[in-house]
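Grab a pencil and work through these exercises with the model open beside you. Try each task before you read its solution.

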Amino acid sequence: PGNDFRIADDFTISNPAGWTITTIDFLDYQTNAPTTSSPISGMNVRIWQGQPGVAGSVVVFGDTTTNRLTTSVFSGTYRTGTTCDLKRGLFTSTVSINISLPPGTYWIDWQVIGSGSYSGPWSPVVTINGMRSKPGANAIQWNSQVQTWGPIVDNGVALLERWRAGEW
């Protein structure tokens, strides 16, 4: 999402004992970055009780400044567009969280910090081949330039799919 954007998505904890979350893995990339070492240098994360941007929602963990990245390594997969190319290697970036949450619905938002030498960083959304939207998908994106949260929309130009290296 670059330095002016954040992505948020919801998750539900149904276990009556709640969850203890110690780490979370994210997929991200920077176009044309080599896969030999990750260009991702930081991530900050917040967990919300309620949807970001909706009155009454509160942050229960994190902030927009603390770098929680512990590791970032090439995942062995690529984000592809209309052709199979190897320009957008996906990196698995792990962040440290360390929180216990009771049952409920939460939202997590994150921002990826990367190298200025490449396009992005970007966090690919899940896309099912041949579908412009996933049933039930409700991820949102913060754009600091317009100071608002809005839906993430597939622009129809590039499908966001993951391919394992060597499957072509």
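**Exercise 1: Get the overview**

Task: What share of the contacts between residues at least 6 apart in sequence join residues at least 24 apart?

Solution. Step 1: look at the contacts in the protein, meaning heavy atoms within 4.5 Å. Among those between residues at least 6 apart in sequence, 75% join residues at least 24 apart.

Step 2: know what you're looking at. This is a predicted model, where local features need pLDDT of at least 70, side-chain atom pairs count only at pLDDT 80 or more, and totals for chains, interfaces and linings use all residues. Residues are numbered from 1 along each chain as its sequence is written, and side-chain values use heavy atoms, with hydrogens and water left out.

Step 3: list the elements. There are zero helices and 11 strands; helices (H or I, at least four residues) and strands (E, at least two) are DSSP runs, numbered from the N terminus.

Step 4: check burial. Buried residues make up 39% of the 168 residues, where buried means under 20% relative accessible area, exposed over 50%, and partly exposed in between (1.4 Å probe, protein chains only).

**Exercise 2: Lay out the strands**

Task: In what order do the six strands of the open sheet stand, and which ones are at the edges?

Solution. Step 1: recall the basics. Strands of a sheet pair through backbone hydrogen bonds, either parallel or antiparallel. Here, two strands count as paired if DSSP finds at least two bridges between them.

Step 2: read off the order. The open sheet goes S4-S3-S7-S1-S9-S10, with antiparallel pairing.

Step 3: find the edges. S4 (58-62) and S10 (148-151) each have a single partner strand, so one side of each is left without a neighbour in the sheet.

Step 4: add the twist. Neighbouring strands of this sheet are turned by 30 degrees against each other on average, direction ignored. For such angles, axes are lines fitted to C-alpha atoms, for helices over the stretch in contact, and angles run from 0 to 180 degrees between N-to-C directions.

Step 5: zoom in on one edge. S9 (residues 140-143) is joined to S10 by four bridges, and Gln141 sits opposite Gly150 in S10.

Step 6: now follow S2 (residues 19-31). S2 pairs antiparallel with S6 (residues 89-101) over nine bridges, with Leu27 partnered by Thr92 in S6. Two bridges also join S2 to S8 (residues 119-122), again antiparallel, and there Tyr29 has Trp122 as its bridge partner.

**Exercise 3: Trace the charges**

Task: Which residues are linked in a network of salt bridges?

Solution. Step 1: start with the idea. Side chains of opposite charge can pair when their charged atoms come close. The cut-off: a side-chain nitrogen of Lys or Arg within 4 Å of a carboxyl oxygen of Asp or Glu. That gives two salt bridges.

Step 2: take one of them. Arg6 pairs with Asp109, with the closest N and O atoms 2.4 Å apart. Arg6 lies in S1 (residues 5-13) and Asp109 in S7 (residues 104-113), so the pair ties together parts that are 103 residues apart in sequence.

Step 3: take the other. Asp109 also meets Arg46 (2.9 Å, N to O), and Arg46 belongs to S3 (residues 42-49), 63 residues away in the chain.

Step 4: put them together. Arg6, Arg46 and Asp109 form the network. Arg6 and Asp109 are buried, and so is Arg46.

Step 5: compare Arg68, in the loop between S4 and S5 (69-80). Arg68 is buried yet has no salt bridge; the nearest side chain of opposite charge, Asp63, is 4.3 Å away. (Lys and Arg count as positive and Asp and Glu as negative; His and the chain ends are not counted.)

**Exercise 4: Find the core**

Task: How many residues are in the largest nonpolar core?

Solution. Step 1: define a nonpolar core. It's a set of buried Ala, Val, Leu, Ile, Met, Phe, Trp, Tyr and Cys residues joined through side-chain atoms within 4.5 Å.

Step 2: count. The largest has 20 residues, and Ile47 and Trp110 are among those with the most contacts inside it. S1, S2, S3, S6 and S7 each supply at least two of its residues.

Step 3: look for another. A second, separate core of six residues includes Trp48, Trp107, Ile140 and Trp142.
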